[in-house]
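Student: I have a model on my screen and would like to talk it through with you. Could we take it one question at a time?

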Amino acid sequence: MTVTQAPGVGKTVASKGKPPQNRPRKRWIGGALALALVVLLALLPKLALSVPGVLPGPTYSAGTLQLLAVCFLIGALAVTYHLLFGVTGMLSFGHALYFAVGVYGFATCLQTWHLGLLPSALITLGFGVVTSLIVGAISLRVGGIAFAMVTLAFAQAGSLLVYRNLGGHTGGEEGLGLTDAKLPDALLGVVNTANLYWLALAVAVLVYLAVVWVSGSRVGAMMTAVRENELRVQVLGVRPYVVRLTAFVVSGTLATLVGMAYLLLQGGANPQVTTTNFTLSLLVMVVLGGVGARWGALLGGILYTLLDQRLGVLASSSTVTSLPDVLRVPLSQPLFLLGMLFVVIVMFLPGGLAAAFARIAGHAPKETL
Amino acid sequence: MSVVVLLLITGLGLGALYFLAASGLSLIYGLMRVLNFAHGAFLTLGGYLGYKVASAFGPDSRTWPVFLLSLVVGAAGGAAFAALVELVLIRRLYEREIEQVLVTVGIGLAAVALVVGIWGADARPYPAPAWMSQVTGVLGAQVPNSRFVCILAAVLVFVLLNLLLGKTRYGLIIRAGVENRAMVAALGIDVRKSFTAVFVLGGALAGLGGVLAGLYNASLSPGGGDSLLIFAFIVVVIGGLGSIRGAAIAAVVVALLQQFANYYATSGVGDLMVVLALAVVLLVRPAGLFGRSVRIA
């Protein structure tokens, strides 16, 4: 088995070569900034900020809160993918599966089995652990590109299960609504979008902190080591298989958690989240933001979701519809623009936006850029 | 009995489509170590170009010469697009395989979105000669004629590919490149030319497969190429990466398994069985049926 070398990953390692006395202070400043940002975001439903062109309305409006909440959750999902691809160096094409387990598992518990919120959440997390454990245990028998294909196949199997509505629990292409679920009133209706927004923010912060904690732990160091030099890990007496499987299960279970919040936010399950294209868009987000940086993945996820939503609005604007066909057709397809943007980033900006920012700020090591 | 025959021939027709997609993927991976996610876009684009040419003939679109022309145009379109992708993008990322895969992902997403933009997201009926949708009796089974065309095309491609790889100098270079790329380069042969060659070849086969998929399903949709691509990936892994013979055998096995299970169990079970088969093959033989373990690892 060979380790799949992720692009731009050399950066994280290289940045550790800085003078040691500088690091705790920098980390402290970064933490304070992040905390301030989270507090600001948490206050948004009470504020009336508008960002024309980016947000559909002032920040207290339900539409804007909904969009931002989706951004947070997809950003968090991208961070779980970062743990897999950026930290451990595993290129999985099936990450949508664990997210979908969260969405559909939670929906089944709530809607079909009429369970309460907490038991449903625990059972669904259990599903997430079991699914990622089984799929990981099988697919990690092969490495590199073959691993990517096997994870893809499993995710496709999940997608088929959902779309074909085997057993009649998933609602097929129509998805599954939460009409019959026992949910607290605080989580229902447009009036309570702010509560769902806070929930999404909390889940995103929780997932981010969990990934920070795991990557900073001894296991996290092993994950990085497996990515960089598998042989040395073996020489140290650790089985790379176990390290990879740990990363796979942690990342999968966190994705399940995000999926559960996503279900509540959307008020139903949409089979779109099971597709390969959804996993591919996760990959696009992580690479867009920068494979080497955790916050890059978060940024990539948020940016991608915003672009995806707002480019659709742009497409139906009069400026675009009045253009000749040669320009109008490509501009009206957000996925075309995002795909091309992705290609440009891969070609000309290895390391993604995170590396670009670091380069502008002037503290990126030259040799990796 | 007649049901079994019908499922057998329909399954072989589906296997033919899988083979057309998988053989190109397998060669590209074998030589370049690039898992080509744009292959689905090649299929879709080839299919739509064939459709475009055929429907340009209006009332004559359902004649044989037009059908043959649409096959040629589909294959040429797939080849041209593949050449463009290889020369403009993949070549610049020489020896950076993950980035190459990422670029094909981006191209795949963008190209399919473009097809949606130009031809719409809805499926379109494929104009084919009327004979295609008629049936021929084989041992009591009424088999649509398009199945035979797909099988015939795949068998021809298989024979020609084997001749190309086995009897010509280009084939020799490609086979040697699959075995040991560094050694071929060390012998003074420009491997990059053969990279372009396999990409163009793969694109042409995918374009051909796209038109035939339109014929097989009697309709075209922008997502059709990608859903075929997933099973082509499975075929490639089961058959062993880089092996044409493996791809052919795995394509037939996968398609037959899928057809029979979908018929005798519920629809959809066959697709799951295929994934299960993939898991079993990887557990027993991680390199696939005809692959070498070094190559996949």
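**A walk through the model**

Tutor: Gladly, and keep in mind that this model is predicted. Let us start with one residue: setting aside neighbours within four places in sequence, A:Thr321 is in contact with A:Ser316 and A:Arg328.

Student: Does A:Thr321 count as buried or exposed?

Tutor: A:Thr321 sits in helix α13 (residues 318-321) of chain A. A residue with 12 or fewer C-beta neighbours within 10 Å is exposed. A:Thr321 has 11 C-beta neighbours inside 10 Å, so A:Thr321 counts as exposed.

Student: How far apart in space are A:Thr321 and A:Ser332?

Tutor: In sequence, A:Thr321 and A:Ser332 are eleven residues apart. From C-alpha to C-alpha, the distance between A:Thr321 and A:Ser332 is 8.2 Å.

Student: How are α3(A) and α12(A) oriented to each other?

Tutor: Helix α3 (residues 62-87) and helix α12 (residues 294-315) of chain A have axes 7 Å apart and pack at an angle of about 140°. Angles over 145 degrees would count as roughly antiparallel, and those from 65 to 115 as roughly perpendicular. The angle here falls in neither class, so α3(A) and α12(A) are oblique.

Student: Which kind of residue, nonpolar, polar or charged, has twelve members in the contact of α3(A) with α12(A)?

Tutor: On the α3(A) side, the residues include A:Leu67, A:Val70 and A:Ile74, while α12(A) brings A:Ala297, A:Leu298 and A:Arg294, among others. The contact has seven polar residues and one charged. The twelve are nonpolar.

Student: Which element of chain B gives the most residues to the side that touches chain A?

Tutor: In all, 34 residues of chain B are in contact with 41 residues of chain A. The elements giving two or more residues to that side of chain B are α4 (97-119), α10 (224-239) and α12 (269-284). With 14 residues, the one that gives the most is α4(B).

Student: How many residues on the side of chain B that touches chain A are nonpolar?

Tutor: That side of chain B also holds five polar residues and three charged ones. The nonpolar residues there number 26.

Student: What radius of gyration does chain B have, and why does it agree with a compact globule?

Tutor: Chain B contains 13 helices and four strands, and its C-alpha trace spans about 55 × 45 × 35 Å along the principal axes. A compact globule of 297 residues would have a radius of gyration near 19 Å. Chain B agrees with that because its own radius of gyration is 19 Å.

Definitions and conventions: Residues numbered from 1 in each chain as written. Chains lettered and ligands numbered in written order. Predicted model: local features only at pLDDT ≥ 70, side-chain atom pairs only at ≥ 80, totals over all residues. Rg over C-alpha atoms; globule rule 2.2 N^0.38 Å. Contact = placed C-beta atoms within 7 Å. Nonpolar A, V, L, I, M, F, W, Y, C, P; charged D, E, K, R; others polar. Axes fitted to C-alpha atoms, helices over the stretch in contact; angles between N-to-C directions. Parallel < 35°, antiparallel > 145°, perpendicular 65-115°, else oblique. Buried ≥ 20, exposed ≤ 12 C-beta atoms within 10 Å, placed from the backbone.
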